[in-house]
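Hi,

Here is the structure I promised to pass on. Have a look at it first, and then read my notes below.

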Amino acid sequence: MYSARDRVEQEEWLAEMNRAADSLELGADAKSTAEDLFLSNVPESERSKPAVAAA
């Protein structure tokens with residue numbers, strides 16, 4: 001699980017993921033699941049975040 005602080009700290013990445021989901025015309029459930037997975041597995045290293053966001 002993740003905290004509300006995690007969501008705030010990762011807002012830039014979540015916005016990027018949301019833009020990608022919109023361009024792929026994904027539904028709300030898919031977006032929510034993607035956010036939950038990202039926030040539950042967010043890496044410490046900035047250079048690893050694009051890979052986790054893409055997954």
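What packs over the buried side of α3? The cover over its buried residues includes α1 (4-9), α2 and α4. Contact here means heavy atoms within 4.5 Å, and buried means under 20% relative accessible area, exposed over 50%, and partly exposed in between (1.4 Å probe, protein chains only). The helix names come from DSSP runs numbered from the N terminus: H or I of at least four residues for helices, E of at least two for strands.

Before going further, two notes on the source. This is a predicted model, in which local features need pLDDT of at least 70 and side-chain atom pairs count only at pLDDT 80 or more, while totals for chains, interfaces and linings use all residues. Residues are numbered from 1 along each chain as its sequence is written, and side-chain values use heavy atoms, with hydrogens and water left out.

Back to α3. The buried residues in this helix are E35, F38 and L39. Looking down the axis of α3, you find them within an arc of 95°, so they line one face of the helix; the arc is taken from the directions from the helix axis to the C-beta atoms. The general rule behind this is that an α-helix has 3.6 residues a turn, so residues three or four places apart point the same way. On the face of α3 turned away from the buried side sit the exposed residues D29 and L37. As for its length, α3 has 13 residues and spans 18 Å from first C-alpha to last, close to the 18 Å expected at 1.5 Å a residue. That expected span is 1.5 Å times one less than the number of residues.

S40 also belongs to α3. It is partly exposed, with a relative accessible area of 39%, and its C-alpha is 20 Å from that of L26, 14 residues apart along the chain.

Now α2. This helix also has 13 residues, reaching 18 Å from its first C-alpha to its last, close to the 18 Å expected. Its buried residues are W13, L14, M17 and A21. Seen down the axis of α2, these fall within an arc of 100°, so they line one face of the helix. The exposed residues E12 and S23 are on the face turned away from that buried side. The cover over the buried residues of α2 includes α1, α3 and α4.

A20 is in α2 as well, and is partly exposed at 35% relative accessible area. The C-alpha atoms of A20 and V8 are 19 Å apart, with their positions twelve residues apart along the chain counted as separation.

What happens just after α2? There, E25 takes a positive phi of about 55°, although E25 is not a glycine. E25 lies in the loop between α2 and α3 and is exposed, with a relative accessible area of 72%.

In α1, R7 is worth a click. R7 counts as partly exposed, at 29% relative accessibility. Leaving out residues up to four places away in sequence, R7 touches Y2, L14, E35, D36 and L39. Among these, L14 is a buried residue of α2, while E35 and L39 are buried residues of α3. The C-alpha atoms of R7 and V52 are separated by 15 Å, and these two are 45 residues apart along the chain.

Then there is the pocket. The largest one has a volume of about 370 Å³. For the terms: on a 1 Å grid over the protein atoms alone, a pocket is an open set of points where a 1.4 Å probe fits, with protein on both sides within 12 Å along at least five of seven lines, and lining residues have an atom within 4 Å of a point. Grid points are joined across faces, edges and corners, and the volume is the space filled by probe spheres set on the points.

Of the 19 residues lining the largest pocket, M17, A34, A53, A54 and A55 are the closest to its centre. The elements giving two or more residues to that lining are α2 (11-23), α3 (28-40) and α4 (49-54). By type, the lining divides into 14 nonpolar, two polar and three charged residues.

A54 lies in α4 and is exposed, at 68% relative accessible area. A54 and A21 are 33 residues apart in sequence and 10 Å apart in space, C-alpha to C-alpha.

Cheers

Terms used:
Nonpolar A, V, L, I, M, F, W, Y, C, P; charged D, E, K, R; others polar.
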